[in-house]
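Student: I have a structure open and want a quick tour. Can you walk me through it?
Tutor: Happy to. Here it is.

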Amino acid sequence: MKGLPFAQLSKGIAMTRHCWFAYAMLLAVPVSAFAAESATTAAAEEPQQSDRFIPDIFSPRISYRRQVDLNGVWEFRRDPESTGAEQGWYEGKVSFGEAMRVPGVPQAQGHGEPHPYQRTAFEEPFWIRRSFIVPRLEDDERFWLRVGGILPAAKVYVNGREVGYTKSSRTPQRVDITDFVSVDAINSIAINVCDFPEVRLDGLLEWNEGTQLWKGPYRPIFGEVANACSVVDTYVHTNTAEGVVNVDVDLTQAPHAPAEIELAVMDGEKRLGKTTVLIPENQSQLHGSVKLRRFELWSPEHPKLYTLEITLKEIAGSRDLDKVALRFGMREFKTEGTKFYLNGKPLYLRCFGENHYYPDTLCPPSDVNWYLPRLKRAREYGMNGVKGCVEVITPDYLEACDEAGILVIQEMPFGLSTLRANRYTIDERFKKYYSYELDGLVRVSRNHAAVAAYSMSSELSFESQTQDSFNFFSGSDGLPGQARRLAPHALVIDCTGYVNTIETNKGARDTDFYASIHPLWLKDVFEEADMETDGRVPMILHEYNWWGNYPDLNLRKKYSHSQLKPFWLDTLEKTAWAQGQGELIPRYYENSIKLQTLSRKDGIEYARRGKLIEGYILWLLIDFGHWTEGLLDDFWNPKNVTPEEFLKSNADTVIVLAQDGNRCLPMGVRTDIPLGISHYGESDFDGCVLTWKTVGEYGGNSGEIQVDELPQGAFTQVGAAQFEPPAAETAYKIDFEVALFHKNRLVNTNNWSFWAFPEVAEPLRSAALPENGGKIFDNGLFLRTYAAGAAPIPAQAKVVIANTADAALADFIESGGCCVLFTHGAEIENMKMYYEKISFYPLFRTIPWNAGDSGNSGTLISPHPAMEAFPHDGMCDLPFINMLKGNLPMEFSPLREYGVTPIIRGIDHYYAHRNNAHLLEFKVGEGRVLACTLGVLQCIKPHTPAQSSYDKADAFCPNQSIEARYLLKCFWDYVNGERFEPAAVVPRAEFVRLFSKRTPAF
């Protein structure tokens, strides 16, 4: 598109549905020919939002007015020195020589310089301009310019005159430019896309931290002809109990002659109801109600939409002065106590976070049909809501949500990155501006059936706010009260993120529900901490729960034609090969995605049985470039979980383990598995049957549980499955499957894995207990742990279990002894920290996006005789959870030169690919060492579990885990067998240096 002359950029007038004007091509006429007067040089101080711009609430998809389509190709020129106004670019002076398409942004159209993260990028101001024809206007008609959205701010010029300045980058704007144009003639328009103003919005669209660096006219631009008295605002609020559609209408001005408004509700071509309202003399506001003969309710399962047609008519004449239309849904969303209700029925809010990630366009697409199939996919996975990250859902996205059945929490972009701290001491300039923007953002979205709630901000710490800031963001006289006055049918939340009480030390919050971070911040698998709340309103989980995964190199193909570059994949490959792990990349992805899936399933099912939890905001639905936390990949494609599998935990009605935390079962002992049902279906259920069975080589058990009642909106414990895992020589995996039937109709299924272990015989059953430290057993086992960690090693010892290395242990091994070394607090451990005291390595679950460059992305178990008898499928599954939690991996890079390779490898963050291991082996002299960082001894040691924390390793382990005893036996059998012949040889000095005790961090 570069280099097109302005004559070739001219565009014809689009034909409307009324065919009011014949299609004609524009002549090649320079813009400068229509410059009426010069604009003044911009003032040094920041310009203010021009009052002539007002919110444009009507969708371009439904239009009865004559329109001039200004989309397509415009002239384009960058203005790095901001000299365009001085040089008269708005008058057509100076050749631009380049072009771009509107809607869109130039950074996605080849403009700018090469950038590490996207094809091209630039940040300075720029100009676009074009010519257009204004059709003949009647004496009482006006010509409006409709600007869908320009980020971050813009000055608009028509025929060389400044129309005004707008920084309402999210709210579609309309402005009357009748006095600026010439009818039946060619006119010019120039738009200066400005720098970011000081007082501005600050949301995800501005958050360009490594992705999507853009600005520009990202939504459509139109000209429109309307009567001087026309409909400029409409608010539709429905009464589902009485079948009434209430409508408030604002006109641009009072009619000059008696007039009336006709309100008609249409279902396609069928009229469901109509009313006519006389407009009182000298009034421009009116209210009307339409009674529907019949209607269907809007819901996620049935997103039925109707069209409201509003016709402004002269009473004396036969002329229609104006006609507009909008779509709406008959629905009621409210709270009662701690529950959400949609159309009178309890609703569990299964929301996803939206980070507005658009690799192909950089900016939010302006096509409803781009969003619709993607949102339908979200519905297939059971999602029924969406919330932006300190960002609104754009109008086209909202329309798609209406059609797909996705509820929207519309969050204001009032401070995410550069202005995040500004919220705490907000001044009058920002208060006035945010209030102005809230007004527009609510007006343009409040008629959408999908919009359920408005959020004023996110992650505000009330303790850090000034009283004035608290009153503004959380008080009834501040933003929440303003939102309620504008959209009384919608819910309001002052702040998503932290506090679960109405009362604070700053005063009472004005909020209809809470959105709170899990109390442990990163919920690990099996952690069942109760959420805390005052119980006055419903509570959902905020940005839940950042389960990341190792990236997929196959995404390169999908990024081959996108505007964004997958730079993180370059980092991944570079660091992996540099650390000798390049060949493991496919296995890393496979195992990491399995752990992410397992962790997410655990988290969602925790939420479904959690006390007072009425929903969650899954963070995220799709991956966000180098932050791979999605259920789907960057392009909305499934990663490894099908909708059918995900719905087992995410449907309206789900079966869950009523109590989770122990998946390791003793053989030959009766097991009770308690089950519960979270039921948010369309009605109460009675006469249900829950069937269960065990599957696999040692399965064959089955049964059923009669469930007399399942009330809507409740979690019900329904009983327990009981079976006895049969005895076997080695441990094995059991698949446990359940199914719920209501009157012979299958409602849902679910399944989980359990593992059965044989009990370990003496002396290993008690050999590792603290009271046996320093004791030697008849089989030659010597326990050199706990208080006996430095005890002399008896001559008859054959195998030593130790927890640290020293000279005495080195002597024993060097002379031919064998050692199982459970190393903790040694030099070899990976102590990489995030923040000052937190490491993500002691977590079983995957790391979050903001984990720096370290953390657990999963595990890989190589085929090895030490692990043959322990079921593992190539990764540390749930039997390892208690032994992994609270224990750091070994960073074995210093041992690589001696040929050491891990048996159990820890997958590090792909930024660094540290060589982490949980189990490895080597020789020292004539002896052999099996070194392990798993908490085997910790799990065997009797103690009282405590709340999980980052500085108490014992708190992660339950009492006397049978799987830990069994793994110890596996190690014992291996080190006493003929196959314990490590290939690597580590020098004695290096062994002592790396495995000696140091001051433990955990």
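**Confidence, then the fold**

Tutor: This is a predicted model. The protein has a mean pLDDT of 91, and 93% of its residues reach 70 or more.

Student: Where is the pLDDT below 50?
Tutor: Residues 1-44 fall below 50, and beyond near neighbours in sequence that stretch has 90 contacts in the model. Residues 943-959 also stay under 50. The model has 41 contacts for them beyond four places in sequence.

Student: Sheets next. What is the strand order in the open sheet of 8 strands?
Tutor: The order is β30-β29-β28-β27-β26-β35-β34-β33, and the pairing is parallel.

Student: Which strands stand at the edges there?
Tutor: β30 (491-493) and β33 (514-516). Each has a single partner strand, so one side of each has no neighbour in the sheet. On average, neighbouring strands of this sheet are turned by 25° against each other, direction ignored.

Student: Give me one pair from it. How many bridges hold β27 and β28?
Tutor: There are 3 bridges between β27 (residues 385-388) and β28 (residues 407-411), in the parallel sense. Gly-385 has Leu-407 in β28 as its bridge partner.

Student: And the open sheet of 5 strands, what is its order?
Tutor: β1-β12-β8-β15-β2, with antiparallel pairing. β1 (54-55) and β2 (66-69) are the edge strands. Each pairs with a single strand, so one side of each is left without a neighbour in the sheet.

Student: What joins β2 to β15?
Tutor: 4 bridges, with the strands running antiparallel. β15 covers residues 221-227. Val-68 stands opposite Gly-223 in β15.

Student: What do β21 and β22 form?
Tutor: A hairpin, with 5 residues between the two strands. 8 bridges join β21 (residues 306-314) to β22 (residues 320-328), and the strands run antiparallel. Within that pairing, Ile-310 has Val-324 in β22 as its bridge partner.

Student: Switching to helices. How far apart are the end C-alpha atoms of α16?
Tutor: They are 20 Å apart. Helix α16 has 14 residues, 962-975, and at 1.5 Å a residue it should span 20 Å, so the two agree.

Student: How many residues of α16 are buried?
Tutor: 12 of the 14, so the helix is largely enclosed by the rest of the structure. Among them are Glu-963, Arg-965, Phe-971 and Trp-972. Cys-970 is on that list too.

Student: Cysteine, good. How many disulfides does the structure hold?
Tutor: 0.

Student: Why is there no bond for Cys-970?
Tutor: Because the closest cysteine sulfur, in Cys-932, is 12 Å from the sulfur of Cys-970, too far for a bond. Cys-970 is buried, with a relative accessible area of 7%.

Student: And how far is the sulfur of Cys-363 from the closest cysteine sulfur?
Tutor: It is 17 Å from the one in Cys-401, so that is too far for a bond as well. Cys-363 is buried at a relative accessible area of 4%.

Student: Back to the Cys-932 area. Which residues does Leu-919 touch?
Tutor: Not counting residues up to four places away in sequence, its contacts include Cys-932, Met-867, Met-890 and Leu-930. Phe-971 is also one of the contacts of Leu-919, and Phe-971 is a buried residue of α16.

Student: Is Leu-919 buried or exposed?
Tutor: Buried, with a relative accessible area of 0%. Leu-919 lies in strand β50 (residues 916-924). Its C-alpha atom is separated by 9.3 Å from that of Thr-901, 18 residues apart along the chain.

Student: Now backbone oddities. Which peptide bond is cis in the stretch with Pro-103?
Tutor: The one from Val-102 to Pro-103, with omega near 0°. Pro-103 sits in the loop between β4 (98-102) and β5 (113-114). The bond from Leu-151 to Pro-152 is cis too, with omega near 0°. Pro-152 is in the loop between β9 (150-151) and β10 (154-158).

Student: What about phi at Trp-546?
Tutor: Positive, about 60°, although Trp-546 is not a glycine. Trp-546 lies in the loop between β34 (539-545) and α7 (555-558). Trp-546 is buried, at a relative accessible area of 5%.

Student: And what is phi at Trp-636?
Tutor: Also positive, about 70°. Trp-636 is in the loop between β35 (613-619) and α10 (643-650). Trp-636 is buried, with a relative accessible area of 6%.

Terms used
Residues numbered from 1 in each chain as written. Predicted model: local features only at pLDDT ≥ 70, side-chain atom pairs only at ≥ 80, totals over all residues. Heavy atoms only, no water. Expected span 1.5 Å × (residues − 1). Buried < 20%, exposed > 50% of the residue type's maximum accessible area, 1.4 Å probe, protein only. Disulfide = S-S within 2.5 Å. Pairing = 2+ DSSP bridges. Axes fitted to C-alpha atoms, helices over the stretch in contact; angles between N-to-C directions. Contact = heavy atoms within 4.5 Å. pLDDT = per-residue confidence, 0-100.
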